[in-house]
Amino acid sequence: MCRIGSIKSKRYIHPSMVLRLMRSQQKGHDNSGFAFIMQDLGGIFENYKELPILSMAVTDEGMKYAEDMLHKIGFVRVFQYNPEVYPDSSLKIETMPNYVFEVFQYPKNYKNASKEEKENLLLDTRLKLRSHLEQNEEGFVYSFYPDVISLKEIGDPNDIGTYFNLWSEEVNLRAKIITAQCRQNTNYDIVRYAAHPFFLQGYTTLTNGENTFYEKNKLMQQKLHRGYIGFESDSQCFLYTLHYVHKILKWPLKYYKHVLTPLPFEETEKRADKNVLQRIKSSLQNLEINGPNTTIGVLPDGTMFNVIDSKKLRPTVVCKDGDIVVMTSEVTGANEILPNRDISKDIYTNERELVVVDNDLNIQRIAQ
Amino acid sequence: MTTVNINSISKDDLPWIIEYASEKCQLCGRCVAACSFGAIKVDVQKRKKVQAISNEEGFQIDEDQKAIPVIRQVIDANNFCRGCGICTKVCPNNAINVTRNKTEIFGTRYRAKTAQSVKRGGRSNLHTEGRTLDKIKVGRISQMTDPSLDALRHTFDLRTNLGRVVSADNLDFDIVDGELQEKKNKNLPVNTSIYPIMFSDMSIGALSPRMWEAIAIATAYLNEVKHIPIRMSTGEGGIPDKLLRSKYLKYMILQIASGHFGWNRIINSMPYMQENPAGILIKIGQGAKPGDGGLLMAEKNVKLIQEIRGVPKADLLSPPNHQGLYSIEESVQKMFLSMNCAFRFKVPVAIKVAASSTSVSVYNNLLRDPYNIVGGFFIDGLQGGTGAAHEISLNHTGHPIVSKLRDCYLAAVHQGKQGQIPIFAGGGIGMNGNLAADTFKMICLGASGVFIGKLILQIAGCVGNDFGKCNGCNTGKCPVGITTQNPKLMQRLDVDRVAENIVNYICAADIELKKLLAPVGNSTLPIGRSDALVCVDKNVAERLNIQYAC
């Protein structure tokens, strides 16, 4: 089973912390990859908060195509970071030739563009780049958005950490929000895009379990937004639903829970807001999930949250110690990195609530 | 020399042959009294016994002649045995039985003699292909990562929509203090939450009042006591005044078909209605006899039926189409709009059509309905039943329901509008007795629900089957009181027992539905979740776009 975890901190932290969070949850042979997304960046990216960062893993040809394409559109590169790697034949990792994090200035004609126009440009550019790289097997583009970097790789999570020197707390990579997954791949047909966390326009989700309504979700989402593509993992559906509910429909976050796991009819009948809830249930019946899942999500403003399926088949624990909040699929991970916390205050999200952490690390439990 | 009249119908031309053992018969006469078709009669058989008795003079001939009362099969083009088997049921000595005549010549003889087409009730009696739904299995069983649920202890929410569903971006909610609220002046289409199985449209007239009443009682009981929100469609034949003005109207879907039978009374009752009906169903066609209107023979059009329908004593032949409707757009504009207006946009208005090669075009067009007033699309396949039809329609017209449902659902998916006009599928659902299995599979293929008719009659005690047995619903002589208006035959039907049996069957189906939801790990209806299914027939799998398994 995939292990997922996220850390939200008031100070900048290093990805080694999520590696430790994840490693302690490892069981048996479930080692097929490691992926993480860092948001609200410090370290070497701290001075580029407003500028989009392209995260990709590509061949030399892919690299050249990406640079030419972005140049043609009018993007100007202002900073590039290629993490130093430490190859060793004993490491279980399937590497790509180049790992790239590039910061770009927007094209000149976007100087006075709105946030939405810029977001659309970034999305369309990423989709176009992805499409080309995919067709020619030249690499993977994970995110192209301000203040976000992504890395996904196939192999043993420990070895991936060693390869990228993630175990040592060097100063380059720092962020206040890091979400991560250690993968167990059931199908042995490993696709990098299938690794969580998934990211779209400031929204991040990571999910474990199995989305048994994947087909329903996918068929619906494909027609809702051009950015809802891929579907290499059934868990991508959780991201697209979040994006649709919160960004496109502009509904408050708590309605995400009502879309994923609507209340049974008998329960909605007793509520003052029954008309709204029944409308949501009918109109978004194809975005409902039926478990077993837990989802951790991050909103563009840095809010972090957790919801689980309505049958409580995938637990998640939310732990806090001082400046750090951890959400993860198994408590052993939290014990590893927050050993001194008051465990009596740990929250195990229930099947009818949404647990939300704001930027002051206040934890709110919102009943459905 | 005329020894044989070969041009007359003879016993071995009849579809069913009576086998009678006079030595077992105690001459009670129950079989003759019970045979509603007049297919057997009491007769006298001449018996002659001749024997040689030896005596002193040699021998002598002893001749004994007797007249023995017997039961004899009537040989007639109208009063022929339908194989209902009621005679066998009532015989205390097992002295009479019926067997199917394999020669199948009767239809030919009947037409040659009467110059009439063969008419009957029931379903198609041709079995030219295996049943599609039985080739589909629920094959994606949750086991490890997605554990199965406990069918007995888990809570399931078995609800589906009836009524137009608008896309989420058209809900247009206001946000007030972080809460979504419906806009005050925004009139969203009515949408109701019901059970995914519906009692299909069988009219008073086609059914005896007692049978119709039993279904209505079962519907009310399932809702009020069992909390199973099932709905019943009235059929095109009106509805009793008392029910129209009762609180139970909320469980009834009023049907309007091309004959508009019963609508005078419905409209006159509107000021007195305590509740809105559950829906309005505009019937364009039905699967058993597509392209054909309703058919109620004068024999069944008794006084009560004449009153409810507002018609004189006559054969009631509904036209094959709604007069004055020339297009889908026009039907939306005229019938849907007028029905919506009549019930102040508070009652879902749906349409029922016979499955056809053109169903997808119709559905696609309805999905474009700009007024959001099309509340459901009912498709009826060729294995549906009927109270009366020409056999040629029953056996040779229509379209199988399964692929048609799938086509319509996928057409909606193509437009990103799946679920916006819920699809209800019927026509042979539960015909092998496994309603829950059929329902579950149809739901996975994209149906929001199913409707059943013939199965209810079988639950009630219908002795007919799809192999030519009985099928006499059109005659008004139903031997079990289900499709007759004859007061004596109606008495054979115990209303309360029938209602109880229907309730029991639906309760059982409810359990069985959960027994299919649980292993695939779902607690709500998996509408369109075709990945839960596998098919053992490659062609069917390919056609339905589901996984082939062998």
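Start in chain B by selecting strands β11, β12, β13, β14, β17, β18, β20 and β21: in the order β11-β12-β13-β14-β17-β18-β20-β21, these 8 strands close into a barrel, with parallel pairing. Turn the view and follow the strands around; the twist from one strand to the next averages 30 degrees. Keep in mind during the tour that this is a predicted model.

**Stop 1: one pair in the barrel**

Now narrow the selection to residues 423-426 and 449-452 of chain B. The former is strand β20 and the latter is strand β21, and they pair in the parallel sense over 3 bridges. Which residue in β21(B) stands opposite B:G426? Click on B:F451 to see that partner.

**Stop 2: an arginine in a helix**

Staying in chain B, select residues 303-309, which form helix α7, and find B:R309 within this helix. Is B:R309 buried or exposed? B:R309 counts as buried because it has 24 C-beta neighbours inside 10 Å, and the cut-off for being buried is 20 or more.

Next, show what surrounds this residue. Setting aside neighbours within four places in sequence, B:R309 is in contact with B:G205, B:G237, B:G238, B:F261 and B:G262. Take one of these, B:G262, and draw a distance line between the C-alpha atoms: B:R309 and B:G262 are 4.1 Å apart in space, although 47 residues separate them in sequence.

**Stop 3: the domains of chain B**

Zoom out and colour chain B by domain. Domain 1 covers 11-116, while domain 2 is assembled from 133-165, 192-519 and 526-548. How many Å separate the centres of the two domains? Taken over C-alpha atoms, the separation is 42 Å.

Look next at where the domains touch. Domain 1 of chain B gives 9 residues to this contact and domain 2 of chain B gives 10 residues. On the domain 1 side you can colour 4 nonpolar, 3 polar and 2 charged residues.

**Stop 4: where the chains touch**

Bring chain A into view. The contact between the chains takes 33 residues from chain A and 38 residues from chain B. On the chain B side, select 179-181 and 191-194: these are β9 and β10, the elements that give two or more residues to this side. The largest share comes from β9(B), with 3 residues. Try colouring the chain B side by class, and you will find 12 nonpolar, 18 polar and 8 charged residues.

**Stop 5: chain A as a whole**

Hide chain B for a moment. Chain A has 10 helices and 18 strands, and its C-alpha trace spans about 60 × 45 × 40 Å along the principal axes. Does the overall spread suggest anything, and what radius of gyration does chain A have? The value is 20 Å, which agrees with the figure near 21 Å for a compact globule of 368 residues. Of those 368 residues, 53% count as buried. Among contacts in chain A between residues at least 6 apart in sequence, 73% join residues at least 24 apart.

**Stop 6: a buried strand**

For the last selection, pick residues 139-146 of chain A, which make up strand β7. How many of the 8 residues of this strand are buried? The count is 8 of the 8, so β7(A) is largely enclosed by the rest of the structure.

Add residues 52-58 of chain A, strand β3, to the view. This strand runs antiparallel to β7(A), and 7 bridges join the two. To finish, click on A:S55 in β3(A) and look across to A:S143, its bridge partner in β7(A).

Note on methods
Residues are numbered from 1 along each chain as its sequence is written. Chains are lettered from A and ligands numbered from 1 in the order in which they are written. This is a predicted model: local features need pLDDT of at least 70, side-chain atom pairs count only at pLDDT 80 or more; totals for chains, interfaces and linings use all residues. Two residues are in contact if their C-beta atoms, placed from the backbone, lie within 7 Å. Helices (H or I, at least four residues) and strands (E, at least two) are DSSP runs, numbered from the N terminus. Ala, Val, Leu, Ile, Met, Phe, Trp, Tyr, Cys and Pro count as nonpolar, Asp, Glu, Lys and Arg as charged, and the others, Gly among them, as polar. The radius of gyration is taken over C-alpha atoms; the globule rule is 2.2 Å times the number of residues to the power 0.38. A residue is buried if 20 or more other C-beta atoms lie within 10 Å of its own, exposed if 12 or fewer, and partly exposed in between; C-beta atoms are placed from the backbone. Two strands pair if DSSP finds at least two bridges between them. Axes are lines fitted to C-alpha atoms, for helices over the stretch in contact, and angles run from 0 to 180 degrees between N-to-C directions. Domain bounds come from an automatic or database domain assignment.
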